[in-house]
Amino acid sequence: MCGKPLVLWVLERARQARRLAEIIVATDDERIRDAVRQAGGAAVMTRPDHPSGTDRVAEAVAGREAEVVINVQGDEPLVDPALIDRLAEVMVRERQWDMATAAAPLMDEEEWARPAVVKVVWDAAGRALYFSRAVIPFVRGARPAGLRYWRHLGLYAYRRAFLERLVAAPPCVLEQAEQLEQLRALHLGARIKVLETVDVGPGVDTPEDVARVEAALRRAGLTR
């Protein structure tokens with residue numbers, strides 16, 4: 001991405017967050033491990049057979065003291081450091097949540113139908129109801145005034161005890177169908193807080209996204 005490994009863009013953004021006690025890159029690829037260590041970061045090797053990133057994170061933090069664990073996915077080079085801090089703060093301040101994540105308005109109609117763009121809906125208390133690669137909610141008839149679609153961002157905060165419970169459970173049918181690990185959490189009854197935010201830029205979900213994300217990095221003034 002603009003001459004630098006994708007993971008290092010994400011690492012740089014995570015380092016700007018103020019509420020993280022430690023940052024670890026979890027990977028099963030020696031090339032990623034080496035790139036991170038050469039940049040002065042901490043990286044741990046994990047098993048290659050994890051069904052999701054959440055399972056990989058759980059292995060990476062095993063044996064470490066942490067009441068709250070935040071998973072910043074390695075394909076989000078424009079992740080907002082302030083949003084990472086907001087997730088940490090809500091988990092510390094509002095102890096009723098098992099997890100927290102974030103969503104941004106989807107303004108581009110072409111993005112609504114893209115399976116790589118995950119959508120989310122939540123209730124009046126901000127508790128996630130469902131995540132899907134399909135367009136949710138489905139509009140039957142006239143579109144209600146004020147209806148918005150929301151893109152789920154690749155960022156999770158977990159209560160440590162719930163993270164351990166989550167990875168002890170096998171992937172459920174919904175997770176297998178949509179390939180979304182957060183559906184396993186909902187299947188187990190998780191209380192997931194969804195924070196509203198602005199869309200700082202796209203993630204790299206497919207090879208076709210590389211050019212768009214590089215352009216977004218340049219617009220944001222992050223390239224040298």
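The second largest pocket holds about 220 Å³ of space, the volume being that filled by probe spheres set on grid points joined across faces, edges and corners. A pocket here is an open set of points on a 1 Å grid over the protein atoms alone, where a 1.4 Å probe fits, with protein on both sides within 12 Å along at least five of seven lines; lining residues have an atom within 4 Å of a point. This is a predicted model, in which local features need pLDDT of at least 70 and side-chain atom pairs count only at pLDDT 80 or more, while totals for chains, interfaces and linings use all residues. Residues are numbered from 1 along each chain as its sequence is written, and side-chain values use heavy atoms, with hydrogens and water left out.

Of the 15 residues lining this second largest pocket, Pro105, Leu106, Glu111, Arg151 and Asp199 sit nearest its centre. Sorted by class, the lining comes out as eight charged (Asp, Glu, Lys, Arg), five nonpolar (Ala, Val, Leu, Ile, Met, Phe, Trp, Tyr, Cys, Pro) and two polar residues (the others, Gly among them).

Over in helix α9 (residues 209-219; helices are DSSP runs of H or I, at least four residues, and strands are E runs of at least two, numbered from the N terminus), Asp209, Val213, Glu214, Ala216 and Leu217 are buried (under 20% relative accessible area, 1.4 Å probe, protein chains only). Seen down the axis of α9, these buried residues fall within an arc of 160° (taken from the directions from the helix axis to the C-beta atoms), so they line one face of the helix. Ala211 and Arg219, on the other side of α9, are exposed (over 50%). After α9 comes Gly221, with a positive phi near 75°.
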